[in-house]
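Q: I would like a close look at a single part of this model, with its surroundings described afterwards. Please keep the account plain.

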Amino acid sequence: METDEYCIKQISVFSENKPGRLAAIAKALMEKKVNILAFSIAEADGFGVVRALVDKPEVAHSILSSLGFNVAFTEVIAVRMKDEPGGLYDIAEILGNAGINIEYSYAYSGKDGAVLILRVDNSKDAIEKIINLGATLLKSSRFH
Amino acid sequence: MLQSDKVFWLFLPNTMTRGMTQYWDESMERLNGPDLKEIQEKRLRNTVIQAMKIGYYQKKFKESGIKPESIKKIDDITKVPFTMKKDLRESYPFGFIAVPISDVIRIHTTSGTTGKPTVVGYTKKDLDNWAGLIARNLTMIGLKKGDVFQNMVNYGMFTGGLGFHYGAELCGLTVIPSATGNTKRQIEMIHDFSVTAIHCTPSYALHLSEVAEEEKTDLSSLKTGIFGAEPWSETMRKELEDALGITAFDSYGLSELYGPGVAFECEERDGLHIWHDSYLVEIIDSKTGEQCTDGERGELVVTPLVKEAMPLLRYRTGDVTMKIEDGCLCRRAGRIERITGRSDDMLVIRGINVFPSQIEHVLLSRPEVGNQFMVYVDRINHLDELTIEVEVNREFFSGELHDLANLQNKLVKTLHDALEIRTKVKLVEPGSLPRFEGKAKRVIDRREIY
């Protein structure tokens, strides 16, 4: 099965936990007309990682790096959910049955439904299992 | 029984009483003028002979063109080059030991400037001398048989634990070797055993007093507090005395000169008596190495006069003080003012000496982080906190939070192993720490300690 088309490039930005860092990231993306589709912040002791799905990941990477931010690409996958009660349960059950371990996850709900973004240990394996179990994965071309 | 009494008397000079002042070894403690000079010079000559058994000093004397036998008078000492802490490090582990290792019956270590610690060794005679000096100090502040003494400092490689322990036993006190940690238990023992005197770092004593107050434990048996291993101010003395109902005394020492007991306050608490028959004192300008005039502050340089296993000549302590020339009401001679600072960048954190170079050494060994760092020292609830900011290397960042969290934990652990204290590590963004062109100022000490 061709799995590459479902691998989505998330940008991950190392940031100290202090006022103004998110604004600095957001401003840089605004100025380069990069649209943020989904986003989350993971926090540890005194620092965090800002994770975002953007329409132009390469542009985002280069502008943030040039401003001194420490940026990396991380491979994630996106599963479509029904935007109604039980929507998350349907997907979570499939993941559980397939034995897929989630490292982290965040979600958004937009014009065309709800989307669950997942970071898993082995994307290729997870993509095959999720498709075989009948769930819908979004192709990276929908984002970038 | 008779046998052991005999041995006992060999080490136990009479405790003399003159007016209110108690002495452990009155003739030695009050020695002054030509008599003092005579004994100092005799001991200095012996110390030079002892030092010449060490390769380092043989080489130093040869290089400087000094004949050991030319060091006869006190003033001759200025011909001898200084001995620095880094010299001890370079001779790790036993390069400064002047006796066969089998005659060294104890080893302690203290923080080195990088990587390896500084090793200090003691012969039987050294340990007896050291205990005797501690006994002088304890007697000087009025402690005697019948007092119960709780020694709340580290009993391991740190000299403060065993040093005070044996001195206090020699002096006839009832010693509780409680060591560090478990504040509630420490408080319980002070109360239950009717402890009259404690020894710990001043910051720990303040912490203890607060916990005792929360617990509503009565510590009224206490009358004396001995505080050392870190600098503390007169304001802190007042706070300690009010909180614990004690008289607080300042204790000074360093492992290279045996350990604690080098200098100590008497009941006047106006400067510390430095035991002049055992330590030859100079105050120098740390930049030029020139002698300071009387009443001028400078770096304390000491030549210990009775050390056998590890003789040192003109050892630079890094501590800033000055000589006090006026006589003291207790009639002992030889005083220095309380330590007012450091001539180098050494920090004292919870009684442990920390050199910024040790931190640098650890960080250099970890490719995940950069070589820039900043150190912040704070005092939070009376306890010192060391926070180290370090930049994550660009190449290391994988995008994963847990890799960073693991790195943070690893750094805390490696630093703990190297410094023997727990630190807080803050990972900061690459390029965000200040870069220094001249002399780096990496340490920001936000405590008010002097």
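With which residue does Lys223(B) form a salt bridge, and how far apart are the closest N and O atoms?

A: In this predicted model, Lys223(B) forms a salt bridge with Asp147(B), and the closest N and O atoms are 3.1 Å apart. The two residues come from distant parts of the chain, 76 residues apart. Lys223(B) sits in the loop between helix H9 (202–215) and strand E8 (224–228) of chain B, while Asp147(B) sits in the loop between H6 and strand E5 (148–151) of chain B. The partners differ in exposure class: Lys223(B) has a relative accessibility of 36% and counts as partly exposed, whereas Asp147(B) is buried, with a relative accessible area of 4%.

Asp147(B) has a further partner in Thr196(B): their side chains make a polar contact at 2.8 Å. Thr196(B) belongs to the loop between helix H8 (183–192) and strand E7 (197–200) of chain B. With a relative accessible area of 14%, Thr196(B) is buried, because the cut-off for that class is under 20%. Leaving aside residues up to four places away in sequence, Thr196(B) touches Asp147(B), Val148(B), Ser221(B), Leu222(B), Lys223(B) and Thr224(B). Both members of the salt bridge, Lys223(B) and Asp147(B), are thus among the residues that Thr196(B) touches.

The rest of the model gives this pair some context. Over all chains, the count comes to 47 salt bridges. One of chain B joins Asp384(B) and Arg447(B), whose side chains meet at 3.0 Å, N to O. This pair too links distant parts of the chain, with Asp384(B) in strand E21 (residues 383–392) of chain B and Arg447(B) in the segment after strand E23 (443–445) of chain B, 63 residues apart. Asp384(B) counts as buried at 1% relative accessibility, and Arg447(B) counts as buried at 8%. Asp384(B) and Arg447(B) also belong to a network of salt bridges that links them with Glu230(B), Arg379(B) and Asp445(B).

Another salt bridge is formed by Arg89(B) with Glu90(B), with 3.7 Å between the closest N and O atoms. Here Arg89(B) is partly exposed, with a relative accessible area of 26%, and Glu90(B) counts as exposed at 55% relative accessibility.

Aromatic pairs also connect parts of chain B. The count over all chains comes to 11 aromatic pairs. In one of them, the rings of Tyr56(B) and Phe96(B) have centres 4.8 Å apart and planes at 40°, so the pair is tilted. Tyr56(B) lies in helix H4 (residues 55–64) of chain B and Phe96(B) in the loop between helix H5 (85–90) and strand E3 (106–110) of chain B, so the pair ties together parts that are 40 residues apart in sequence. Tyr56(B) counts as buried at 16% relative accessibility, and Phe96(B) is buried with a relative accessible area of 4%.

A second pair consists of Trp130(B) and Tyr258(B), whose ring centres are 6.2 Å apart and whose planes are at 25°, so the pair is stacked. Trp130(B) is in helix H6 (residues 124–140) of chain B and Tyr258(B) is in the loop between strand E9 (247–254) and strand E10 (259–265) of chain B; the pair links distant parts of the chain, 128 residues apart. Trp130(B) counts as buried at 2% relative accessibility, as does Tyr258(B) at 1%.

Salt bridges and ring pairs also occur between the chains. There, 25 residues of chain A are in contact with 17 residues of chain B. The two chains bury about 1600 Å² between them, 52% of it on carbon and sulfur atoms. Of the area that chain A buries against chain B, 37% is supplied by Phe14(A), Phe47(A) and Asn70(A), more than by any other three residues. Ring pairs link Phe14(A) and Phe47(A) with Phe397(B) into a cluster.

Across this interface the rule finds 2 salt bridges. Arg119(A) forms a salt bridge with Glu400(B), with the closest N and O atoms 2.9 Å apart. Between chain A and chain B, the count is 8 residue pairs in polar contact. By class, the side of chain A that touches chain B has 11 nonpolar, 7 polar and 7 charged residues.

Conventions. Residues numbered from 1 in each chain as written. Chains lettered and ligands numbered in written order. Predicted model: local features only at pLDDT ≥ 70, side-chain atom pairs only at ≥ 80, totals over all residues. Heavy atoms only, no water. Contact = heavy atoms within 4.5 Å. Buried area = accessible area lost by both parts, 1.4 Å probe. Salt bridge = Lys/Arg side-chain N within 4 Å of Asp/Glu carboxyl O. Polar contact = N/O pair within 3.5 Å; in protein donor to acceptor, adjacent residues only side chain to side chain. Nonpolar A, V, L, I, M, F, W, Y, C, P; charged D, E, K, R; others polar. Helix = DSSP H or I, 4+ residues; strand = E, 2+ residues; numbered from the N terminus. Buried < 20%, exposed > 50% of the residue type's maximum accessible area, 1.4 Å probe, protein only. Phe/Tyr/Trp six-rings, centres within 6.5 Å; stacked < 30°, edge-to-face > 60°.
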